[in-house]
Amino acid sequence: MKHFIFLLIVILSGISQVHACGKYPIIPYPKSLQAMEGYFILKNNMQISVPFENKKVHQIADDFTKKLSEVSGLYLSISQDNTKADIIFTKDNSLGNEAYLLNIAPERIVVKAATPNGFFYAVQSILQLLPAEICSPDFIGNHVIWQIPCAHIIDEPSFSYRGMMLDVARYFMPKQYVLDFIDRLAAQKINYFHFHLTEDQGWRIEIKKYPRLTSVGAYRPYTQTGYKHFHAPVIPDEVEHQGFYTQEDIKEIVAYAEKRYVTIIPEIELPGHSSAAVAAYPELSCGIKKEYEVVKNFGIFDNVFCPKETTFQFLDDVFTEVAALFPGKYIHIGGDECPKTAWKQCKHCQLLIKELQLKDESSLQSYFIHRVEKILNNKGKQLIGWDEILEGGLAPNSTVMSWRGEQGGIEAAQAGHPVIMIPNADTYLNYYQEDPEFAPVGSGSFLPMEQVYRFNPLSTLLKGKLSQYVLGTEAALWTPYMKNPQIVDYYMYPRFYAFAEV
């Protein structure tokens with residue numbers, strides 16, 4: 001896997017030499033870069049100075065020296081004395097929260113930032129300016145000149161929220177791949193990892209109070225072959241699929257991400273896309289079926305949570321454990337593609353609609369989301385949901401991810417709610433990027449890299465006063481047909497680099 005990414009970086013680095021960025025192949029390209037003559041050449045026993053007390057910044061410098069040593073064999077020491085230092089970290093409180101300044105001269109590099117985030121991103125740019133061999137998983141030594149082109153760089157992100165979503169619920173992805181995935185997000189200065197953990201096809205996070213969520217919900221005996229067919233029988237692949245992350249796995253992943261300034265947002269799908277949960281605990285359903293099971297094909301299913309007190313208690317218990325594992329302020333609850341068939345047939349649901357004087361089942365979904373938001377708020381968390389949570393009335397403190405185009409984001413912003421723009425036509429990297437005849441099975445639509453690059457989260461209708469509600473944007477990798485990390489990587493690249501530029 002790492003060899004594949006290294007090869008890709010080498011290719012892109014070579015391509016960049018013929019474009020305007022020339023010898024400065026930084027992705028995303030800095031807001032301001034003034035090219036200078038010459039190179040700063042790294043040599044053994046150089047010094048990095050961090051002349052102020054900040055454990056996180058010292059750790060960033062230490063990680064850089066270790067990375068350099070592993071690949072090049074060069075040893076750099078860290079001190080607080082900047083009189084003889086070759087690379088100097090300087091605190092500059094005039095810079096923004098994630099901004100940094102790099103002054104690279106032949107004799108010295110000066111790194112300025114106000115926060116550890118800024119210093120971390122400065123180092124990511126330095127790594128990209130080094131020869132592409134710095135990304136090698138193998139020792140390179142002195143086979144290359146470890147030099148950095150001189151420049152004056154000032155950089156700051158356009159959006160505070162820069163996200164990437166990975167669906168590990170439909171096909172479980174190994175823990176090591178998730179860690180590598182986080183490394184790649186951090187290198188391109190993506191600061192949120194949206195971790196899609198539950199689905200109809202699998203429940204992938206250990207919940208100690210409800211062990212059947214993983215003993216039952218994380219397993220399926222086979223999966224459909226090929227693309228979904230609504231009017232044809234499912235052809236099984238005859239391959240068992242299972243897997244979940246223990247709470248110790250999650251703690252490791254979270255700590256790994258924190259060190260790379262990536263905040264993880266877990267997603268627990270509700271009230272729809274819940275087949276795996278109700279297969280484990282059928283009492284959470286409306287009981288309209290004789291039995292419930294983890295589904296083996298892809299689509300939208302009627303196996304939804306029933307809005308009764310036992311369900312809300314279950315969700316309270318689940319979110320108690322989830323909230324303790326993920327220190328970020330957000331928890332994603334899905335809220336999309338929830339069929340109302342079960343609720344229409346359910347006596348409890350129909351009585352509840354009358355009792356609460358609700359208009360219809362869409363209003364019942366709004367009631368459901370409101371209840372869940374109170375659960376999350378009581379745990380110190382804020383709710384994010386797909387734009388369907390607008391239906392029937394938006395929960396008061398929620399953030400909307402607008403995926404069905406821009407309209408949901410516009411409506412949410414007009415109502416004064418924070419918005420993350422993720423219109424599927426521009427950001428779903430699981431769509432084809434070449435002729436389907438030659439590609440692994442994808443999700444049906446076509447999204448060339450050029451379209452990703454042209455995407456602007458601030459559409460005409462979201463500019464002006466409404467722009468203050470747009471936190472940023474996110475790209476998604478849904479995995480109905482991505483059976484392994486190699487296929488995920490095929491769909492991720494090279495479009496991920498175009499998204500990072502956005």
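The legends below describe three close-up views of this predicted model.

**View 1. The second largest pocket and the residues that line it.** The second largest pocket of the predicted model holds about 460 Å³ of space, and its lining is made up of 21 residues. Of these lining residues, Arg170, Lys228, Glu337, Trp478 and Pro480 lie nearest the centre of the pocket. Sorted by class, the lining comprises ten nonpolar residues, together with five that are polar and six that are charged.

**View 2. The packing of helix H8 against helix H11.** Helix H8, which spans residues 309-325, packs with helix H11, which spans residues 361-378, at an angle of about 35 degrees, and the axes of the two helices are 10 Å apart. The crossing that H8 and H11 form is right-handed. On the side of H8, the contact is made by Glu309, Thr311, Phe312, Leu315, Asp316 and Phe319, while H11 contributes Tyr367, Phe368, Arg371, Val372, Ile375 and Leu376. Taken by class, the residues of this contact between H8 and H11 are eight nonpolar, three charged and one polar.

**View 3. The aromatic pair of Tyr210 and Phe314.** The structure holds 30 aromatic pairs, and one of them is formed by Tyr210 and Phe314 in an edge-to-face arrangement, with 4.7 Å from centre to centre and 70 degrees between the planes. Tyr210 lies in the loop between strand S9 (192-196) and helix H5 (212-215), whereas Phe314 belongs to helix H8, so that the pair links distant parts of the chain, its two members being 104 residues apart.

Definitions and conventions:
Residues are numbered from 1 along each chain as its sequence is written. This is a predicted model: local features need pLDDT of at least 70, side-chain atom pairs count only at pLDDT 80 or more; totals for chains, interfaces and linings use all residues. Side-chain values use heavy atoms; hydrogens and water are left out. On a 1 Å grid over the protein atoms alone, a cavity is a set of points where a 1.4 Å probe fits but cannot get out, and a pocket is an open set with protein on both sides within 12 Å along at least five of seven lines; lining residues have an atom within 4 Å of a point. Grid points are joined across faces, edges and corners, and a volume is the space filled by probe spheres set on the points. Ala, Val, Leu, Ile, Met, Phe, Trp, Tyr, Cys and Pro count as nonpolar, Asp, Glu, Lys and Arg as charged, and the others, Gly among them, as polar. Axes are lines fitted to C-alpha atoms, for helices over the stretch in contact, and angles run from 0 to 180 degrees between N-to-C directions. Helices (H or I, at least four residues) and strands (E, at least two) are DSSP runs, numbered from the N terminus. A crossing is left-handed if the near helix is turned anticlockwise from the far one by less than a right angle, and right-handed if clockwise. Contact means heavy atoms within 4.5 Å. Rings of Phe, Tyr and Trp (its six-membered ring) pair if their centres lie within 6.5 Å; planes under 30 degrees apart count as stacked, over 60 as edge-to-face and the rest as tilted.
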